[in-house]
Amino acid sequence: MTTPLQTMSLQIFGILTGFVTAGAIIALSYSTVPIFLEHPNETSLRHLRALFSSGSHIFPQLAAATSTAFSVLAYNAPSSSSLRTQNLLAAAVSISIAPFTIFVMKPTNMTLKEMGEEGQEGIEKSGGEQRVQELLRRFGRLNAIRGTILALGAAIGLKAALNP
């Protein structure tokens, strides 16, 4: 059982980490992808590979931490309460960005990554300059959806905290 202070700390941590991480993910879609589209594809793909690398070391862990906070809150809530259900839902929605990334985004991400690794030859082999632009736009849309999913998890957690 958690103390009231521990409960409040977990609520604050889960909600803030979820919203801040979601905001960072969404910001990448609306600030970085348009910049990539304005530069030569080979340069954009090289920078996108670096973005993938750094993002893979930050965002999954933050989503897992958010989900863990909501899971602990659910575990410590009375078993028949809607609070348990709301926090379980917040945890599940928050961590669902992992399967979304693997099953929905991975084909686009891997194609872009491979194009970047092979340079101009990879771009031509995979469909040319227009294909790169299409894939970059698709990545931006999917990444914004991923951030929105995490924001939804944090919003559910916020609702649980405000209206138990």
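User: Helices here are DSSP runs of H or I, at least four residues each, numbered from the N terminus. With that in hand, which helix does Asn109 lie in?

Analyst: Keep in mind that this is a predicted model. Counting from the N terminus, look for the run that covers residues 97-125. Asn109 falls inside that run, which is helix 5.

User: Let's zoom out. How many helices and strands does the chain have?

Analyst: Going from the N terminus, the elements read α-α-α-α-α-α. No strand shows up in that run of elements. The tally for the chain is six helices and zero strands.

User: What box do the C-alpha atoms of the chain fill?

Analyst: The chain has 164 residues, and 41% of them are buried. Its accessible surface comes to about 8700 Å², with 66% of that belonging to carbon and sulfur atoms. Taken along the principal axes, the box is roughly 60 × 25 × 20 Å.

User: What share of the contacts with a separation of 6 or more comes from residues 24 or more positions apart?

Analyst: Ala144 gives a feel for such pairs, since it is in contact with residues that include Ile26 and Ser29. Over the whole chain, among contacts with a separation of 6 or more, the share from residues 24 or more positions apart is 81%.

User: Back to Asn109. Is it buried or exposed?

Analyst: Beyond its neighbours within four places in sequence, Asn109 is in contact with Phe52 and Phe139. Its relative accessibility is 11%. The cut-off for buried is under 20%, so Asn109 counts as buried.

User: Asn41 is another asparagine to look at. Which residues is it in contact with, leaving aside neighbours within four places in sequence?

Analyst: Asn41 lies in helix 2, which covers residues 41-56. It is buried because its relative accessible area is just 4%. Its contacts, with those neighbours left aside, are Ile123, Glu129, Val132 and Gln133.

User: Which two residues form a salt bridge?

Analyst: The count for this model comes to one salt bridge. Its closest N and O atoms are 3.6 Å apart, and the limit is 4 Å. Both partners lie in helix 6 (residues 129-162), three residues apart, or about one turn of the helix. They are Arg131 and Glu134.

User: Are Arg131 and Glu134 buried, exposed or partly exposed?

Analyst: Partly exposed is the range between under 20% for buried and over 50% for exposed. Arg131 has 33% relative accessibility, while Glu134 has a relative accessible area of 42%. So both count as partly exposed.

User: Where are the charges, on average? How far apart are the mean positions of the positive and negative ones?

Analyst: The chain carries 12 positive and 9 negative charges. Take the mean position of each set, and the two points are separated by 15 Å.

User: Now for Ala144. How far is its C-alpha atom from that of Leu28?

Analyst: Ala144 sits in helix 6 and is buried, at 7% relative accessible area. It also has contacts with Ile26, Ser29 and Tyr30. Along the chain, Ala144 and Leu28 are 116 residues apart, yet their C-alpha atoms are separated by 8.1 Å.

User: Tyr30 came up there. Is it buried or exposed?

Analyst: Tyr30 has its place in helix 1. Met1 is 29 residues away from it in sequence and 42 Å away in space, C-alpha to C-alpha. With a relative accessible area of 62%, above the 50% cut-off, Tyr30 is exposed.

User: Which residues make the nonpolar surface patch?

Analyst: The patch covers about 300 Å². One of its members lies in helix 1, the stretch from residue 4 to 38, and that member is Met8. The residues that make the patch are Met8, Ile12 and Leu16.

User: Last one: which residues does Arg146 touch, not counting those up to four places away in sequence?

Analyst: Arg146 is placed in helix 6 and is buried, with a relative accessible area of 15%. His47 is 99 residues from it along the chain, and their C-alpha atoms are separated by 20 Å. The residues Arg146 touches are Ile25, Ile97, Phe100, Thr101, Met105 and Phe139.

Methods
Residues are numbered from 1 along each chain as its sequence is written. This is a predicted model: local features need pLDDT of at least 70, side-chain atom pairs count only at pLDDT 80 or more; totals for chains, interfaces and linings use all residues. Side-chain values use heavy atoms; hydrogens and water are left out. Helices (H or I, at least four residues) and strands (E, at least two) are DSSP runs, numbered from the N terminus. Buried means under 20% relative accessible area, exposed over 50%, partly exposed in between (1.4 Å probe, protein chains only). Contact means heavy atoms within 4.5 Å. Accessible areas come from the Shrake-Rupley method with a 1.4 Å probe; for residues, only the protein chains shown count as cover. Lys and Arg count as positive and Asp and Glu as negative; His and the chain ends are not counted. The place of a charge is taken as NZ of Lys, CZ of Arg, CG of Asp or CD of Glu. Patches are made of residues with over 30% relative accessible area and no salt bridge: like charges are joined within 9 Å, nonpolar side chains (Val, Leu, Ile, Met, Phe, Trp, Tyr) within 5 Å. A salt bridge is a side-chain nitrogen of Lys or Arg within 4 Å of a carboxyl oxygen of Asp or Glu.
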